[in-house]
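Some features of a protein chain can be read straight from its secondary structure and burial. The dialogue below takes a few of them in turn.

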Amino acid sequence: VRLLSISHHNGVETLAASIDPEQPICLINRHYPEAVYLSKYLKGNAFLSLQDRIDVCLQIAEALLFLHQQQPPIVLGDFNSTNVLIIDPRPKPAKTLAPPSKSAQESSSSSSSSLVEEKTRLIVKVIIDNAVTETKIPALRSMSPELQTNRTSGKSTAADVYSFGFLMYEIFNNRAVFDMLRSPD
């Protein structure tokens with residue numbers, strides 16, 4: 001499988017593949033225990049900065065460009081927020097029940113003013129498993145029209161870019177396109 005031989009810093013690493021003509025393709029990807037799907041990350045981080053949102057979009061675009069530049073191009077087809085993992089290496093704020101003491105506040109303010117805070121980037125990983133498998137339920141909201149009508153021949157780099165536009169909408173608006181059209185459960 002070609003996916004075993006390609007590597008990109010914004011791609012989830014494929015470790016092994018099982019190709020049996022009688023069975024669906026099975027991929028084994030590297031596990032990132034600290035990662036969450038993009039949609040879940042956005043729900044828990046509604047106040048993500050504009051710069052972080054732009055950086056996430058750029059990292060996704062870089063991974064998509066890399067896949068599309070392969071010969072032949074690797075096309076995801078159903079490209080949506082379940083194909084994107086976010087790893088946030090920034091320290092989480094500590095949960096405390098009592099306010100910090102006055103001496104702790106003074107020492108933290110003096111030490112923070114003397115140190116230059118380095119910006120830590122979010123890490124984006126694009127999952128490429130649906131480039132070769134058809135096992136997951138498609139996200140019709142972000143799927144290109146040609147893919148909705150013909151799931152196999154509609155896969156193209158243009159369809160991935162179309163879906164990327166919907167993904168960017170979700171990143172900048174904290175909700176999926178047509179999210180308000182969900183039927184009540």
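What follows is a set of questions and replies on this predicted model.

Q: Which elements does the protein chain have, and in what order do they run from the N terminus?

A: The protein chain holds 5 helices and 5 strands. Starting at the N terminus, the order is β-β-β-α-α-β-α-β-α-α.

Q: How much of the protein chain is buried, and how much of its contact set joins residues 24 or more positions apart?

A: Of the 185 residues, 35% are buried. Among contacts with a separation of 6 or more, 73% are between residues 24 or more positions apart. The accessible surface comes to about 11900 Å², and carbon and sulfur atoms contribute 59% of that.

Q: In what order do the strands of the open sheet lie?

A: The open sheet has 3 strands in the order β3-β4-β5, with antiparallel pairing. The edges are β3 (36-37) and β5 (123-126); each has a single partner strand, so one side of each lacks a neighbour in the sheet.

Q: How many bridges join β4 to β5, and how many join β3 to β4?

A: β4 and β5 are paired over 4 bridges, and L85 has K125 in β5 as its bridge partner. Between β3 and β4 there are 2 bridges; here V36 is partnered by I86 in β4.

Q: Which way do the residues of β4 point?

A: The general idea is that side chains in a regular strand alternate between the two faces of the sheet. In β4, V84 and I86 point one way, while L85 and I87 point the other way. All of these residues are buried.

Q: How does the span of α2 compare with what is expected at 1.5 Å a residue, and what covers its buried residues?

A: With 19 residues, α2 reaches 27 Å from its first C-alpha to its last, close to the 27 Å expected. Its buried residues include V56, C57, I60, A63, L64 and L67, along with the charged-letter positions D52, R53 and D55. The cover over the buried residues of α2 includes α1 (38-44), β4, β5 and α5.

Q: Where are the buried residues of α5 placed around the axis?

A: An α-helix has 3.6 residues a turn, so residues three or four places apart point the same way. The buried residues of α5 are A159, D160, S163, F164, F166, L167, E170 and I171. They cover an arc of only 165° around the axis, which puts them on the same side of α5. The helix itself, residues 157-173, has 17 residues and reaches 24 Å from its first C-alpha to its last, close to the 24 Å expected at 1.5 Å a residue.

Q: What does the backbone do just after α5?

A: N174 takes a positive phi of about 60° there.

Q: Is N80 buried or exposed, and what does its side chain contact?

A: N80 sits in the loop between α2 (50-68) and β4 (84-87). The residue is buried, since its relative accessible area is 8% and the cut-off for buried is under 20%. The side chain of N80 makes a polar contact with the side chain of T82, at 2.5 Å.

Note on methods:
Residues numbered from 1 in each chain as written. Predicted model: local features only at pLDDT ≥ 70, side-chain atom pairs only at ≥ 80, totals over all residues. Heavy atoms only, no water. Expected span 1.5 Å × (residues − 1). Buried < 20%, exposed > 50% of the residue type's maximum accessible area, 1.4 Å probe, protein only. Arc of directions from axis to C-beta. Polar contact = N/O pair within 3.5 Å; in protein donor to acceptor, adjacent residues only side chain to side chain. Contact = heavy atoms within 4.5 Å. Areas by Shrake-Rupley, 256 points an atom, 1.4 Å probe, with all protein chains shown as cover. Pairing = 2+ DSSP bridges.
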